[in-house]
Amino acid sequence: MKRALFLLVFVLLTHIAASQSFYRYRFETPWSISASVGPTQYFGELYSLWKYSEGVQPDWNANFAVRRVLGTRIKARVEGTYYQISGQDPPADPRSLRQPRNLHFRARNWEASAIGEIYLKPVRRYNITRDFLNFYAFAGVGVSSNDPKAQLRGEWVALRPLQIENNPYNKHIIVFPTGIGMKYKANVWADLILEINYRWTLTDYMDDISAFNVSEFYQDLVRDYGTNGEGPNPDRLRLAIRNPDFIRENGEPDVDKILRNNGRVRRGSGLTERYDGYLSINIGVELYLSQDIWDNWIFRNRLYEKRYRFW
């Protein structure tokens with residue numbers, strides 16, 4: 001009788017221990033955070049991947065996001081992104097007729113967005129039963145700074161305050177992130193992320209270029225430049241017209257030639273797309289937040305506690 005009772009107690013304790021080793025990881029974590037990095041590609045007057053064969057001219061970005069499960073297959077996220085974009089005439093497809101402009105720009109901006117995600121497989125479930133692969137699509141709205149600069153005499157000059165095309169534009173712009181992504185379950189608490197995100201915008205001045213040529217405002221540029229660069233704002237003309245055919249040997253704009261040509265100096269590319277945009281391809285990690293992560297992953301006692309596989 002004693003042996004039978006001892007055996008029964010032993011079986012019950014073994015069962016409870018085994019259950020606890022599994023159920024301790026049966027938790028829902030509606031909140032998560034993620035960090036990712038990757039290349040960023042600008043599209044606008046100085047670059048068009050789908051119209052001309054100009055290759056890829058990537059910059060980079062870094063992203064941090066907070067997510068919350070809202071439904072069976074739906075998550076919401078807010079995120080912040082620091083990104084750099086740039087563009088220049090060379091290298092350019094000869095069909096684009098861009099080389100004579102000799103224009104370029106660089107921008108380092110901040111973006112904040114609110115986004116909704118819809119998943120192919122359920123996301124409201126215990127983390128230990130989360131799918132190994134899950135694909136999703138997303139869309140949202142955000143705001144980004146807009147601070148294009150160009151290099152002049154070895155220094156980067158802010159272009160927006162100069163209003164080169166006599167058309168002021170805002171320091172902050174509206175963006176519409178859209179894209180697709182994939183998540184791979186690394187363990188109970190973490191996913192690996194691969195995401196493609198294109199931002200549509202409502203501005204044609206991320207690169208400070210919109211007009212096809214300077215014919216509508218060249219007289220104002222010449223007036224600000226003066227005869228030999230002694231005008232009130234000579235850098236406007238220096239940055240607006242950099243075509244070698246309209247530059248003197250000393251590197252200054254040829255005012256007489258510009259006036260004789262009535263300002264028909266090429267500036268824009270003639271693209272039919274009205275607004276600029278940018279694309280990012282990011283790789284990162286999403287971490288699911290729970291009390292269990294602190295107790296049993298980061299701060300667990302590795303000497304005395306049994307190690308488990310968390311997938």
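Arg153 sits in the loop between strand 6 and strand 7 (155-158), with strands (E, at least two residues) and helices (H or I, at least four) taken as DSSP runs numbered from the N terminus. Although not a glycine, Arg153 has a positive phi of about 55 degrees. Arg153 is also exposed, at 61% relative accessible area (exposed is over 50%, buried under 20%, partly exposed in between; 1.4 Å probe, protein chains only). This is a predicted model, in which local features need pLDDT of at least 70 and side-chain atom pairs pLDDT 80 or more, while totals for chains, interfaces and linings use all residues. Residues are numbered from 1 along each chain as its sequence is written, and side-chain values use heavy atoms, leaving out hydrogens and water.

Asn262, in the loop between helix 4 and strand 10 (277-288), has a positive phi of about 55 degrees too, again without being a glycine. Asn262 is partly exposed, at 38%. Most residues other than glycine have a negative phi.

On to the interior. The largest nonpolar core (buried Ala, Val, Leu, Ile, Met, Phe, Trp, Tyr and Cys joined through side-chain atoms within 4.5 Å) has 23 residues, and Val214, Leu237, Leu239, Ile241 and Ile258 touch the most other members. Helix 2 (218-225) is among the elements supplying at least two residues, and its four are the largest share. Domain 1 (27-208 + 272-290) and domain 2 (213-265) both contribute, so this core lies between them; the bounds come from an automatic or database domain assignment. Beyond neighbours within four places in sequence, Val214 is in contact (heavy atoms within 4.5 Å) with Leu221, Ile241, Gly263, Val265 and Arg267.
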